[in-house]
Amino acid sequence: MGIMNILDSAFHSFQSILRNKRRSTAMIAGIILGVSILSGIIIYTEVLQQENFESIVDSAEYEVSFKVIESIHGESHLWDVSSLIQNDVRIESSTVITGPRTSVFDNEKNSFVLTLSSELEDLDPESELSAFTPLFVRDNFTDTSISDKITSSIVGSFNLTSTETNQTVIPEIIATQFNLQVGSIIEHINITVAETVERGPSAGVPAKSETFTLENVEVTGIYSSSGGAAGLFANFESSKLYFNTAILDRFGENVMPLINEYKYQYLAVKINSNEFTITDLDLMNTEINTLINDISQLAIGESGDTTIEGTNEIEQLLGPFEILNVLLIIFDVILVLPLVILCLYLLSFGLELALEERKREIGIFKVQGADSKQIFTMIRNESLVLFSLGATIGYLSSIFGAWIIGSATGFMEFDLDNINQFNQFVSFNVAALVTSVLIILAVLTINVYKKGREFIDLEVTEAVQRGSKIKKGFFRRNNLDIFMVAYGLLAGLINILIWETQFFEAEFFKKINFDPNTFIWTLIIDFLGIIFLWLGAAISGARIAKWLPQKSERLFLSLPKLKNVALIIRSGLKRRGDIDNLVFIIVLTLSISTLAGIQGVTDQALAEDTLEYNIGADYKITFSSRSNRSADIMQYTGVKEVMELPTVSASVLSSSTTVYGMNPDIISSLLWHDLGFEEVSLEKALADFKVKGDIPKVMIGTLLAEELTASIGDEINLRVKIADPVENVTDIARLKVKVIGTFNHAPGGVDQDSIVANYDTITELQSLIANNTLVYDDQIPANTYLVNAKNGVDKNALERDFTSLEGYNEIRNVEREISEIGQENNYGIPGLLTMMYLTSLIASIISAFAFSAIIMERRKREFAVLQTVGATSTQIYTTAFGENFLVMLTSVIWGTIAGLGLSYLMNGFFAFIGEFLGRGELPRTIVLEWNTLIINGLIILVGMLSATLISVISSVRQDLTEATRTI
Amino acid sequence: MELTETQSKQLILARNLYAIYKGKGDSQNVVALSGINLDMKDGEFISIVGPSGSGKSSLLRILGGLQNPSAGRIFYHGNEITKLDEDALVPFRRNYIGYVFQEGNLIPTQSAFMNVVQTLRFAGVERNDARARATETLDKLGIKHRMHALPSKLSGGERQRVAIARTLVMKPKVIFADEPTGNLDYENSEAVMGLFKDLHREENTAFLVVTHSKHTSKYADRSIELRDGRFVGEHGLDMDIDDLDLSRKVLIQPDGTLNLPLEMLKLLSMYGNLWDFSVVKEGDSHYIKATPAEVSDLGGHKHEFCPVCKKAVKPSDGQCNSCGASLM
């Protein structure tokens, strides 16, 4: 009988839901949206984490390393183990490297550490830079995938096979610092093997050291930072110089024994990622540790125990990414928080509306003898049925939503052809489902209890009476909504002044110590401003949506179309309380979709702008060596102009910098950003740059200018090192230059701590460095060239031509890269903004539709009465549309204004996140696409008017007797 | 208030009931009921008559437990219900009263059958039993053939029958009906009142019916006249609803107060507000003889009456000296 009662109850719940579709729709919409958003975020971040981990593992050089436990087992023992594990499917490749795994090497003796360091004595006599760590590999190193990871971005090649001559592969940082390129010969490299006291008063003091010098070392390759870290972790780039291990053999008497004694070799193992559960960090680490032990078991010695000890290297690398993932989740949650609040409100309001609709029914139940528990059970059961349905649809939608976020290549741009990507998201994600269900269910339960109790406790007479009391909330009763809106708009205005002008740079604000960018003011202005503006605008929406049409009634009521129904519309505007909640939701949702739309477009524009300014021309071509390429490039008919970008390393006071040479005749046709040119405008600076003066003219980056406290007109000394190969002496030369401008971004990716000079200055500096022995022709050799193409040229075809040039290394093509910008790792930001935009728009439309329909339904009797007193159907339509259109139009405009304010208020937050994730380096200027905003508003209006139309049609066609009768 | 044994046996005992509705904005409060006293026995059929706005529906709702009075007390067989909360009123609603609204007030999304079944299910009746009893009751009321229709598909009379069925199925001790035939034609009205009468006779169900209808009121054992929130008289079977003056018996309240109709008050006020009362016996009949006292001086002014307490007042006072009501 219990089951029968449950089935009976479920059946009646379903029946009630089906018979009250409108009120059920309102509630279920909130449930679906809430579950889909919460689940979607969780599903997406898990997939993103998986992708990030896969990317890291994929690009890591190796994940596992082994060292010998006892020094009797040397390098050859490790090579033996390497041979043993070649056929293990879990292993991709392995090799032996001599050198530290990390910057500190601990030995068993606990009192000494062994360090290897190398100094480029000739080039860096004062050892201004830290000693570089040398790594030694054997000939077969390039056969392994480990070397592929290191050499994934290399100029030259990883060629250390010669044991006769000294060769080295160096990192880009060293090459830039010392102006080295492939083929350069470094005359002396000192390698020191030192035994250093680790602890005690003499800690750090070398106890024993051996230094040997490599002479005439040829640079065979220059590599970019290895490892799979994102720009955020660029600091982890290691400055390692690679040599052939055979070099150490030459010094075997002193060096190799020490290295063997300290077990300074390790076996590096690259795993086969297909054999490991990359998605689950803990499980993956367990699997790797199992592999480590399995390999250890293969190397059993005479003692019966393993002779090697393994380390899980990837665990440390993935740790920061777990943190990054958590930060991303937090960011995602903050971003979608307004949306979640919105959905919860929709759910709560839908429930309230449903209960309001049932107020009379509840009263009748009480007359029939129902107690509050029975009534509550009915409401609860129906809510649970709706919840089950809504949660199911919501979860299925969330998969789709997560895919949208993941596949977005830009704001409202998707790569939908990749079906495999969709499959990634199709899974039963327990965490996503449980989290979203629990949260939404909790909100639903609280609301059902709270609001249900309110209605159930009503006196029968009060419940049975028709019509609802119009209750103004606390904020409106006390006019706090006006205060909140004013606060929010003021905060928005302050942000507009911050982002678009230099208003707050004025002396007055400096005198009173007001800096709106400090934490406390950010909290007061931005944080509070966002909350106040969003909620205040929504609460005051009803006030404005009725006030404005009333104030302008002369204008619209004088329209001939509205003449006959003017009185009804006027009284409707004054008395109608049922539209307050509808206006609230419209403003709430539309402001979010406006925010998302504006920030989405802004984000896209920023990414594209950053790309454009980083390149600065149509192409940026780099070559493997410094030489004169301009003539080669100009041979192509599509080329309009070429500018080489030679560089010189220099110092100013205590700051190191790179001086870039630019052609004054071409400089103006490159892409400059005017940020930084506050003291002197960009145009003036570029014009001045062309004019020769007594003192060479330079433009300096704003960061460098700040460090040097330099401003326009100041003269500074550029200091370079002179290398005298004959005398083997190093000396300093200086060149005085004059600052004529400051920049934030110069073409070709020249950053804020660099200097831009003209070719004459570069020539002079290079001549100084070469101790005046250098002779240049017209062209200055350079690695990098900026190229502009002629109009109408097929830029991609020209790019293919460039790749055939001798020494070609890399090309960047602005046009192609802008079109491919979406394929870059964007941490789902465009996708999130797209989801925010679409979800809030959908919520707006559903609200407009559902609640307009409910309101119109309630007015059916009113329309029937009007018809009975002689109104035509046209007049009924005019009344309904006239009233609703005026109110909705005002709501839409007000919601858009609120969204605009929110965009500016949140711009700082988006800029911070973008900078943190390396999304854009330029200032984040809001881009307003008015057509998007207009379309937003039109969609809502159309939704509402459609709902009105459908309901009014049904009203006009209804049987008047039935409509006017009370049941 | 201590009830006597007799009072405890009354089906309904109401004392000093007031219903005051708060005025909105600047408008005054409305006193819908003013000091109503009612004694009703088991099985009585009483109709409440009076002009529109006299407080009949308010009285019915208060007596039926659908609305709390502003003041006063109500007892059902000696048990007070005035201070009970909604949940505490539930057994009373299930076991004692049935309520028939003028509008029917059926649940619009449930069929006629389910409207009746639902009442039984609320009372804890088992599903099959509830369905059987509902079918039987609807059959008895002659609408079994329409029991699966939604209320919107039923005629006015059919809906009223369903509402009655919903009430009858619980076998209440008293049925409150507010203009039960107000929306019905003559034939249906006859049918509904006939049903009421049958119940009254067969089940000894008490009825308290508010009506404007001459036809309906003739079914009552007695009719109580309500005017301006006060009982001003009682009528017997000879009542003519169109001319209540003819059949009115002045009602002496249990607390000894006497409410006179306004017309009578106006007539008597000419003679002042102090009267000598005596009970005179003439043959087998007793009469009340009222003689104006020699002194009933109100300063020679034209007498007016307070709208609340009905005592004579001087308009120039602006305020009633007895109850403080505004005279403006």
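User: Which residue of chain A forms a salt bridge with B:R94, and how far apart are the closest N and O atoms?

Analyst: The general idea comes in handy here: a salt bridge is a side-chain nitrogen of Lys or Arg within 4 Å of a carboxyl oxygen of Asp or Glu. In this structure the partner of B:R94 is A:D371, with the closest N and O atoms 3.6 Å apart. The rule finds one salt bridge across the interface of chain B and chain A. Before we go on, please note that this is a predicted model, where local features need pLDDT of at least 70 and side-chain atom pairs count only at pLDDT 80 or more, while totals for chains, interfaces and linings use all residues. Residues are numbered from 1 along each chain as its sequence is written, chains are lettered from A and ligands numbered from 1 in the order in which they are written, and side-chain values use heavy atoms, with hydrogens and water left out.

User: Which elements give two or more residues to the side of chain B that touches chain A?

Analyst: Elements are DSSP runs numbered from the N terminus: helices are H or I with at least four residues, strands are E with at least two. Here they are α3 (86-95), α4 (112-122) and α6 (156-168) of chain B. The largest share, six residues, comes from α4(B). By type, that side of chain B divides into 13 nonpolar, 10 polar and 11 charged residues. In that sorting, Ala, Val, Leu, Ile, Met, Phe, Trp, Tyr, Cys and Pro are nonpolar, Asp, Glu, Lys and Arg are charged, and the others, Gly among them, are polar.

User: How many residues does each chain bring to the contact, and what area is buried between them?

Analyst: Contact means heavy atoms within 4.5 Å. By that rule, chain B brings 34 residues and chain A brings 30. Buried area is the accessible area (1.4 Å probe) that two parts lose on being put together, summed over both. For chain B and chain A that is about 3,000 Å², with carbon and sulfur atoms giving 53%.

User: Now to single residues. Is A:S436 buried or exposed?

Analyst: Residues are buried under 20% relative accessible area, exposed over 50% and partly exposed in between (1.4 Å probe, protein chains only). A:S436 counts as buried because its relative accessibility is 0%. You will find A:S436 in helix α13 (residues 430-456) of chain A. Leaving aside residues up to four places away in sequence, A:S436 touches A:V35, A:L38 and A:S39. A polar atom of the A:S436 side chain also lies 3.1 Å from the backbone oxygen of A:L433.

User: What about A:A705: where does it lie, and which residues does it touch?

Analyst: A:A705 lies in helix α24 (residues 702-708) of chain A. Not counting residues up to four places away in sequence, A:A705 touches A:I700, A:A710 and A:T742. A:A705 counts as buried because its relative accessibility is 7%. Its C-alpha atom is separated by 7.9 Å from that of A:D753, 48 residues apart along the chain.

User: Finally, how many helices and strands does each chain have?

Analyst: Chain A comes to 32 helices and 23 strands, and chain B to 10 helices and 14 strands. Of the 967 residues of chain A, 53% count as buried; for the 328 residues in chain B, the figure is 49%. In chain A, 82% of the contacts with a separation of 6 or more come from residues 24 or more positions apart.

Key
A polar contact is a pair of N or O atoms within 3.5 Å; within protein, one must be able to donate a hydrogen and the other to accept it, and residues adjacent in sequence count only if both atoms are side-chain atoms.
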